[in-house]
Amino acid sequence: MIVHNLELETSVLDHFIAEIRDIEIQKDAMRFRRNIERIGEVLSYEMSKTLTYSDRSVTTPLGEKSVPAISDNMVLCSILRAGLPLHQGILNYFDDIDNAFVSAYRHHTTPEVFEIKVEYLAAPSLDDKILVLADPMLATGSSLVAVFETLKGLGNVKQVHLISVIASQEGIENVARSFPEDTHLWVATVDPRLNEQGYIVPGLGDAGDLSFGSKL
Ligand code: URA
């Protein structure tokens, strides 16, 4: 897997990441969602540099200009519900790509032990498509692995791009073992460890709750 950790270069992205981590700023759910969206936009821009382009001609009021246009067929798939603001950020840049949604949640047998349940799936064919799989918190990596297993039934993807906001080192290693070697991971920042409940430390807490409120 090819890992692109954008925090290795300082940029305005660091400001967005600081805000989503900050326990005081997190009280503003709209700002939290919008910052996740902005991070999705930055990650998308970086990812766009690796896509395939072919020239097309654009007519201006004064003449013709040949411009590169993305020629890859892409499907953006997000995991409900925490993935929704990240999904919107990516869609802001790749505005006419196809979309897929899948639900995956941790079913706990004890507070420390859980299995991933994948239930809802709405997706087009993935045959020969570039699959962009978005998950804001790459913690253990188990959700991404379980979702990818489900998506394999929808066709042979050409290439996978994973987009995450915060990843744990352990999660990256787990995902690297289960995805094709030419998979790209675009991540805004990487944290060193997970706690006993599988949450990223220092991380930011629960991205779904911070975006949409707590659940039972
Ligand atoms: N999901 C989250 O929202 N946060 C984590 O730290 C891990 C998984």
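1. How many nonpolar, polar and charged residues make up the shell around the ligand? The model is predicted. By class, five residues of the shell are nonpolar, two are polar and two are charged.

2. The shell can be listed by name. Arg106, Met137, Ala139, Gly198, Tyr199, Ile200, Gly205, Asp206 and Ala207 surround the ligand. The ligand occupies the space of the largest pocket.

3. Backbone atoms supply polar contacts to the ligand. A backbone N or O atom of Ile200 is 2.8 Å from a ligand oxygen. For Ala207, a backbone N or O atom also sits 2.8 Å from an oxygen atom of the ligand. At Gly205 the backbone N or O atom lies 2.8 Å from a ligand nitrogen. On its own the ligand exposes 230 Å², and the protein buries 88% of that.

4. Next, the salt bridges. The count is 12. Side chains of opposite charge can pair when their charged atoms come close. Lys27 and Glu24 do so at 2.8 Å, N to O. Both Lys27 and Glu24 are exposed.

5. Glu46 pairs with Lys49, with the closest N and O atoms 3.1 Å apart. Glu46 has 24% relative accessibility, so it counts as partly exposed. Lys49 has a relative accessible area of 52%, so it is exposed.

6. Asp206 belongs to the residues around the ligand and also forms a salt bridge with Lys215. The closest N and O atoms of that pair are 3.9 Å apart. Lys215 counts as exposed because its relative accessibility is 52%. Shared partners link Arg81, Asp206, Asp209 and Lys215 into one network of salt bridges.

Note on methods:
Residues numbered from 1 in each chain as written. Predicted model: local features only at pLDDT ≥ 70, side-chain atom pairs only at ≥ 80, totals over all residues. Heavy atoms only, no water. Near = heavy atom within 4 Å. Polar contact = N/O pair within 3.5 Å; in protein donor to acceptor, adjacent residues only side chain to side chain. Areas by Shrake-Rupley, 256 points an atom, 1.4 Å probe, with all protein chains shown as cover. 1 Å grid on protein atoms, 1.4 Å probe; cavity = no way out; pocket = protein on both sides within 12 Å on 5 of 7 lines; lining within 4 Å. Sits in = over half its atoms within 2 Å of the grid points. Nonpolar A, V, L, I, M, F, W, Y, C, P; charged D, E, K, R; others polar. Salt bridge = Lys/Arg side-chain N within 4 Å of Asp/Glu carboxyl O. Buried < 20%, exposed > 50% of the residue type's maximum accessible area, 1.4 Å probe, protein only.
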